[in-house]
Amino acid sequence: MKSSARKGGEDRGVSIVIGEEREARLSLSGRLSLDNLEYVMERVDPLLGRPQLVSLAVDLEGLVRIDSAAALFLLRMQEEARRRSLPFEFVNISPRVMGIIDLLDKSAIRLGPPSPREKSGGFFEDVGRTSVMFLDDFNQCMTFGGILLSEALYCALHPASIRWNDVVLSVKKIGVDGLSILALISFLMGLIMAFMSSLQLKQFGANMYVASLVAIAMVRELGPIITAILVAGRSGSAIAAEIGTMKVNEEVDALVTMGFNPVRFLAVPKLLAAIVVVPLLTFFSDLFAIGGGMAVGILGLGLTFHTYADLTSWALTVHDIVTGVLKSMVFAVLITGIGCQRGFSVQGGAEAVGNATTSAVVAGLFLIIVTDSVFALVLNYVRW
Amino acid sequence: MGDSRVIRVENLSVRYGDEVVLQDVTMDVVRGEILVVAGGSGSGKSTLLRHMVGLSRPSSGRVEINGVDITTASPAELQVVMRGIGMLFQSSGLLGSMTCAENISLPLSEFTDMPESFIGEIVRMKLAMVGLEGYEDHFPNELSGGMRKRAGIARAMALDPDILFLDEPFAGLDPITSAGLELLVKRINQRMGTTMVIVSHELESILSLAQRIVMLDKGKKGIIAEGDPRVLKDESPNPHVRHFFNREIEEKDETGEHGA
Ligand SMILES: Nc1ncnc2c1ncn2[C@@H]1O[C@H](COP(=O)(O)OP(=O)(O)OP(=O)(O)O)[C@@H](O)[C@H]1O
Ligand SMILES: [Mg+2]
């Protein structure tokens with residue numbers, strides 16, 4: 001049985017003529033390129049699947065222009081025919097078309113895609129892998145923490161080895177530059193807290209307790225936490241990005257070959273600055289929050305400045321203030337520690353720096369909250 | 001002067017994950033020579049250099065500098081070795097937060113007790129040596145790629161090291177600057193006896209500079225040729241090496257290996 005089909009497609013710049021059923025002869029003419037390749041594939045691919053097919057010839061006489069994708073398509077057809085051990089040939093192939101086909105690397109087509117680097121091995125393997133990664137990460141954090149603390153200790157014993165310029169710069173970046181936003185947030189926090197609680201306390205005529213509520217909540221818990229969260233977001237991320245970029249640019253390696261200890265050179269000044277500055281920031285945060293509460297107390301509740309200040313100082317104990325400062329020092333160590341660790345662990349390029357920055361903030365917040373819970377529990381039992 | 005070999009690399013193997021980059025590489029660097037490490041892109045030249053200066057620990061094998069095994073050395077010992085070497089990184093490695101002058105004076109003021117004014121003069125002299133006088137107060141990102149390379153060289157030479165490692169010092173330089181830098185490298189080598197390990201694939205630089213060349217290959221994951229480049233150029237038994245020197249392309253063979 002003979003069948004000759006002419007399929008429309010001139011509007012697409014190509015025409016396909018498929019000849020006999022068994023000894024098929026495929027004529028392609030016109031222009032074959034990325035625009036119309038899909039159309040051609042749809043019609044030609046079933047051809048190779050025909051069970052009766054015994055040989056295939058592809059006539060390229062009328063082909064005016066092809067691009068590399070079209071050349072790849074032709075080569076793939078040849079490869080497919082070879083796989084099915086069908087006799088296959090190109091006929092009337094012009095030197096121009098041949099030239100483009102030659103441009104392709106035939107061995108690369110035969111090779112197929114490389115096996116994926118990290119294949120998922122199902123649920124259990126994924127869980128195992130993630131656990132190992134988590135443990136590994138924990139291990140690295142602890143190791144780095146140890147190194148950082150020992151270097152800090154060394155620097156404390158050898159103050160001349162500290163790069164004071166860098167400490168001052170970090171104090172400015174972490175502290176001074178962050179003060180305005182911290183002041184605003186704290187003031188509003190105090191204001192909101194006082195306002196909301198006064199609405200409730202008014203009903204019992206317990207207005208004057210607004211002052212102690214704001215003071216105790218801020219100094220014991222919220223002041224250190226707000227400050228730590230803000231520093232983690234502003235400075236923890238900046239530290240990770242800075243060190244990570246230096247790692248990518250081989251600057252850290254350069255420091256090592258010059259005989260510097262990169263942890264001592266880069267991390268210790270930031271750590272020192274944070275230990276000094278975060279408690280100070282916390283103190284300011286407390287102060288501004290109390291100011292916010294005072295604004296509500298004076299303007300909304302009819303208390304005088306003196307009464308409010310008296311009520312506040314009556315509510316606070318030295319213990320509250322000392323533990324607040326202590327806590328914020330620990331937060332400072334955690335934030336800079338995790339920022340530096342994430343920075344130093346950067347490997348690769350810009351994307352790795354981005355990941356390290358995100359991770360520094362997330363891990364920092366996590367550590368802050370966990371540590372704060374531990375503090376809350378311990379301080380509840382340990383009172384002096 | 002005992003052993004003439006300042007660096008000994010023995011059976012060095014480097015793996016990143018499952019990927020083997022270097023396999024059983026053994027080589028020496030002789031005191032006072034200019035050794036060029038060449039090879040195609042991705043053949044492990046930078047990797048070899050990083051391991052020679054102890055920036056990364058190998059999967060197996062050892063590297064000795066002046067008789068100290070840096071793969072097992074303590075950080076303190078390593079620091080002593082590091083002070084005797086200078087390195088230019090492929091991406092220059094200048095500290096972005098410091099000016100050129102501060103970059104160069106950094107090791108000087110840290111490891112010597114010279115007065116600031118004298119250090120300033122050394123810095124100016126080193127910058128002039130690489131043709132960067134007047135750029136003291138520029139930050140690295142205000143310099144062109146080639147200028148950054150040169151500033152990196154100036155910093156690597158700040159402490160007058162015994163061994164200088166240069167990762168692609170000539171890449172991206174115009175022919176005139178490049179020739180000037182070659183001359184500088186040669187002079188430093190001759191007059192101060194500095195041992196040089198240079199990664200490069202600029203043919204002309206290799207032929208004019210190298211006293212000895214080590215060629216790495218991605219397929220073999222190690223050294224495929226070693227010797228005088230002017231001899232290897234015509235007489236290497238390995239066609240790949242001859243192709244490299246004569247700038248000839250080669251047919252891809254299916255195994256991806258070039259016979260040793
Ligand atoms: N940190 C890394 N993690 C994974 N693979 C790496 C890493 N560094 C290098 N490699 C791999 O090691 C091989 C050699 O890299 P290397 O940088 O030493 O090449 P090179 O010879 O210096 O090349 P070029 O001339 O392009 O600088 C490459 O295949 C690269 O993919
Ligand atoms: Mg390299």
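Chain B splits into domain 1 (2-84 + 162-245) and domain 2 (93-160). Keep in mind as you look around that this is a predicted model. The C-alpha centres of these two domains of chain B sit 24 Å apart.

**Inside chain B**

So how do the two halves of chain B meet? On the domain 1 side of chain B, 14 residues are in contact with 10 residues of domain 2 of chain B. Together, domain 1 and domain 2 of chain B bury about 1000 Å², and 76% of that is on carbon and sulfur atoms. Looking for salt bridges across this interface of domain 1 and domain 2 of chain B turns up 0. Polar contacts there come to 1 residue pair, with both residues at pLDDT 80 or more. On the domain 1 side of chain B, β7 (163-167) and α6 (175-192) each supply at least two of the residues that touch domain 2 of chain B. Of these elements, α6(B) gives the largest share of that side, with 5 residues. Sorted by type, the residues of domain 1 of chain B that touch domain 2 of chain B are 9 nonpolar, 1 polar and 4 charged.

**Where chain A meets chain B**

Now for the contact between the chains. Here 17 residues of chain A are in contact with 24 residues of chain B. Which three residues of chain A supply more of its buried area against chain B than any other three? They are Glu250(A), Thr257(A) and Met258(A), and their share is 35% of the area that chain A buries against chain B. The two chains bury about 1700 Å² between them, 59% of it on carbon and sulfur atoms.

What about charge pairing? Between chain A and chain B the count is 1 salt bridge. Arg50(B) pairs with Asp253(A) in a salt bridge, and their closest N and O atoms are 2.7 Å apart. Polar contacts across the interface of chain A and chain B add up to 6 residue pairs, both residues at pLDDT 80 or more. Helix α8 (residues 251-257) of chain A gives the most to the side of chain A that touches chain B, with 6 residues. That side of chain A is a mix of 7 nonpolar, 5 polar and 5 charged residues.

Here are the two interfaces, one row each.

| Interface | Residues in contact | Buried area |
|---|---|---|
| Chain A and chain B | 17 residues of chain A, 24 residues of chain B | about 1700 Å² |
| Domain 1 of chain B and domain 2 of chain B | 14 residues of domain 1, 10 residues of domain 2 | about 1000 Å² |

**Around ligand 1**

Which residues come nearest to ligand 1? Of the 15 residues around ligand 1, the nearest are Ser41(B), Gly42(B), Lys45(B), Ser46(B) and Thr47(B). For Gly42(B), a backbone N or O atom lies 2.8 Å from an oxygen atom of ligand 1. Gly44(B) also brings in its backbone, with a polar atom 2.9 Å from an oxygen atom of ligand 1. Thr47(B) uses its side chain instead, placing a polar atom 2.4 Å from an oxygen atom of ligand 1.

**A look at chain A**

Chain A has its own domain assignment, with domain 1 (6-111) and domain 2 (144-379). Taken over C-alpha atoms, the centres of domain 1 and domain 2 of chain A are separated by 68 Å.

Two local details in chain A are worth finding on screen. In the salt bridge between Arg83(A) and Glu80(A), the closest N and O atoms are 2.9 Å apart. Both Arg83(A) and Glu80(A) lie in helix α2 (residues 68-83) of chain A, 3 residues apart, about one turn of the helix. Over all chains, the salt bridge count comes to 25.

The other detail is Phe305(A), which lies in helix α10 (residues 305-315) of chain A. Leaving aside residues up to four places away in sequence, Phe305(A) touches Met294(A) and Ile298(A). Ile185(A) is 120 residues from Phe305(A) along the chain, and the C-alpha atoms of Ile185(A) and Phe305(A) are separated by 22 Å.

Methods
Residues are numbered from 1 along each chain as its sequence is written. Chains are lettered from A and ligands numbered from 1 in the order in which they are written. This is a predicted model: local features need pLDDT of at least 70, side-chain atom pairs count only at pLDDT 80 or more; totals for chains, interfaces and linings use all residues. Side-chain values use heavy atoms; hydrogens and water are left out. Domain bounds come from an automatic or database domain assignment. Contact means heavy atoms within 4.5 Å. Buried area is the accessible area (1.4 Å probe) that two parts lose on being put together, summed over both. A salt bridge is a side-chain nitrogen of Lys or Arg within 4 Å of a carboxyl oxygen of Asp or Glu. A polar contact is a pair of N or O atoms within 3.5 Å; within protein, one must be able to donate a hydrogen and the other to accept it, and residues adjacent in sequence count only if both atoms are side-chain atoms. Helices (H or I, at least four residues) and strands (E, at least two) are DSSP runs, numbered from the N terminus. Ala, Val, Leu, Ile, Met, Phe, Trp, Tyr, Cys and Pro count as nonpolar, Asp, Glu, Lys and Arg as charged, and the others, Gly among them, as polar. A residue is near a molecule or strand if one of its heavy atoms lies within 4 Å of it.
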